[in-house]
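Work through the exercises below with the sequence and the model open. Try each task before you read its solution.

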Amino acid sequence: MLEKKIQPRRSFIFTPGLKPEMYPKALASGADMVCVELEDGIAPKDKEGAREKAMSLFAQPQVQDGVERIIRINSVREQFGILDLQAVLGTDNPPPVLMLPKVRTADEVIWVDTLLNERGHDCRLHIIIETNEGLENAYEIGKASPRIEGLFFGGIDMAAELRCNNEWEPLLYARSRVVHAAASNGLDVMDMPYLHIADKEGLLHEAKAAAHIGFTGKAAIHPAQLAPIHQAFTPAENDICHAEKVVAAYQQAQAGVTVLEGRLVEKPVIDRMMRILALAEAAGLRS
């Protein structure tokens, strides 16, 4: 029996708020998370229209199909973000999840959390770390609200702030800081998208590298990228079998530690094995 059933967050894809007709297609794409976009992908002149159309998508109850539904609002440090938040607070049918971009300090998360509490909305939060100040404060941001379930690494904006190339090696330190903040607070953590749509081999390589350093998933900019991303972040059959063996040995030992195949197994190892099994179950690979 698993201790916790988790929400699979291997993949993430945007759909534009201005084009609500694309929302069902995004939900059917196979992505674990679908985000209606109100921020970078929407021109200032179209913000109001996108906001109205995006909010209308949540006027009716959402189908419980396992896909996590999100709206990315604008930064709450800016007028458009405040208007987006007012729209969420003004409705009786808020989106299940809000994504907060360009978060710099824990205070702005606490402020949003307080307003949602006052309104009685149970929206969860995902936070994008994409500024130098946000990176410096990532740990505190990650524990700013119990609503937070994930951190996202916004590498494009981060590269501009760091004055470095948008490549793996220059951004490795920043990526690792975000992973550390997420892991320390028990949160999922999503890597930035791979921008070369046709390069599936390069995408798979980068997704595996992201998984290797602790990311739990990766954003996509096209549905064609979802299969390589899922391949990188879904436990392989041999990993699942190993996790089952380790957990069974630990439970049978009924002690704080055990030895399996000459290796010491302690509680932190079990926690990791349990997460592998929970993710396998959530992905339909284990009953």
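**Exercise 1. Place strand 7 among its neighbours.**

Task: How many bridges join strand 7 to strand 8, and which residue stands opposite Met 190?

Solution. The model is a predicted one.
- Step 1: strand 7 is joined to strand 8 by two bridges, and the two run parallel.
- Step 2: Met 190 stands opposite Gly 217 in strand 8.
- Step 3: turn to strand 6, which pairs with strand 7 through three bridges, again in the parallel sense. Here Gly 150 stands opposite Asp 188 in strand 7.
- Step 4: add the connection. Strand 7, helix 9 (residues 200-212) and strand 8 form a β-α-β unit, and this unit is right-handed.

**Exercise 2. Judge the two faces of strand 7.**

Task: Are the faces of strand 7 (residues 188-191) covered or open?

Solution.
- Step 1: recall the rule that side chains in a regular strand alternate between the two faces of the sheet.
- Step 2: sort the residues. Asp 188 and Met 190 lie on one side, Val 189 and Asp 191 on the other.
- Step 3: check burial. These four residues are all buried, and both faces of strand 7 are covered.

**Exercise 3. Close the sheet.**

Task: In what order do the eight strands close into a barrel?

Solution.
- Step 1: the order is 1-2-3-4-5-6-7-8, with parallel pairing.
- Step 2: neighbouring strands of this sheet are turned against each other by 30° on average, direction ignored.
- Step 3: inspect the pair of strand 1 (residues 11-16) and strand 8 (residues 217-220). Three bridges join them, and they run parallel. Ile 13 stands opposite Ala 220 in strand 8.

**Exercise 4. Analyse helix 4.**

Task: Which residues of helix 4 are buried, and what do they pack against?

Solution.
- Step 1: test the length. Helix 4 (residues 106-119) has 14 residues, which at 1.5 Å a residue should span 20 Å. The end C-alpha atoms are 20 Å apart, so the two values agree.
- Step 2: list the buried residues of helix 4: Ala 106, Glu 108, Val 109, Val 112, Asp 113 and Leu 116.
- Step 3: look down the axis of helix 4. The buried residues fall within an arc of 165°, so they line one face.
- Step 4: apply the general rule. An α-helix has 3.6 residues a turn, so residues three or four places apart point the same way.
- Step 5: find the partners. The buried residues pack against helix 3 (79-89), strand 4 (97-100), strand 5 (124-129), helix 6 (138-142) and strand 6 (148-153).
- Step 6: turn to the face away from the buried side. Asp 107 and Glu 118 are its exposed residues.
- Step 7: step past the end. Gly 120, just after helix 4, takes a positive phi of about 85°.

**Exercise 5. Compare two loop residues.**

Task: Lys 102 and Arg 163: is each buried or exposed?

Solution.
- Step 1: locate Lys 102 in the loop between strand 4 and helix 4. Its phi is positive, about 50°, although Lys 102 is not a glycine.
- Step 2: apply the cut-off. Buried means under 20% relative accessible area. Lys 102 has 19%, so it is buried.
- Step 3: locate Arg 163 in the loop between helix 7 (155-162) and helix 8 (168-184). Arg 163 also has a positive phi, near 60°, and is not a glycine.
- Step 4: the cut-off for exposed is over 50%. Arg 163 has 78% relative accessibility, so it counts as exposed.

**Exercise 6. Find the surroundings of His 230.**

Task: Which residues does His 230 touch, not counting residues up to four places away in sequence?

Solution.
- Step 1: His 230 is in helix 10 (residues 226-233).
- Step 2: its relative accessibility is 16%, so His 230 counts as buried.
- Step 3: His 230 touches Arg 10, Ser 11, Gly 30 and Asp 32, with residues up to four places away in sequence left out.

Key. Residues are numbered from 1 along each chain as its sequence is written. This is a predicted model: local features need pLDDT of at least 70, side-chain atom pairs count only at pLDDT 80 or more; totals for chains, interfaces and linings use all residues. Side-chain values use heavy atoms; hydrogens and water are left out. The expected span of a helix is 1.5 Å times one less than its number of residues. Buried means under 20% relative accessible area, exposed over 50%, partly exposed in between (1.4 Å probe, protein chains only). The arc is that of the directions from the helix axis to the C-beta atoms. Contact means heavy atoms within 4.5 Å. Two strands pair if DSSP finds at least two bridges between them. Axes are lines fitted to C-alpha atoms, for helices over the stretch in contact, and angles run from 0 to 180 degrees between N-to-C directions. A crossover is right-handed if, with the strands pointing away from the viewer, the path from the first strand over the helix to the second runs clockwise.
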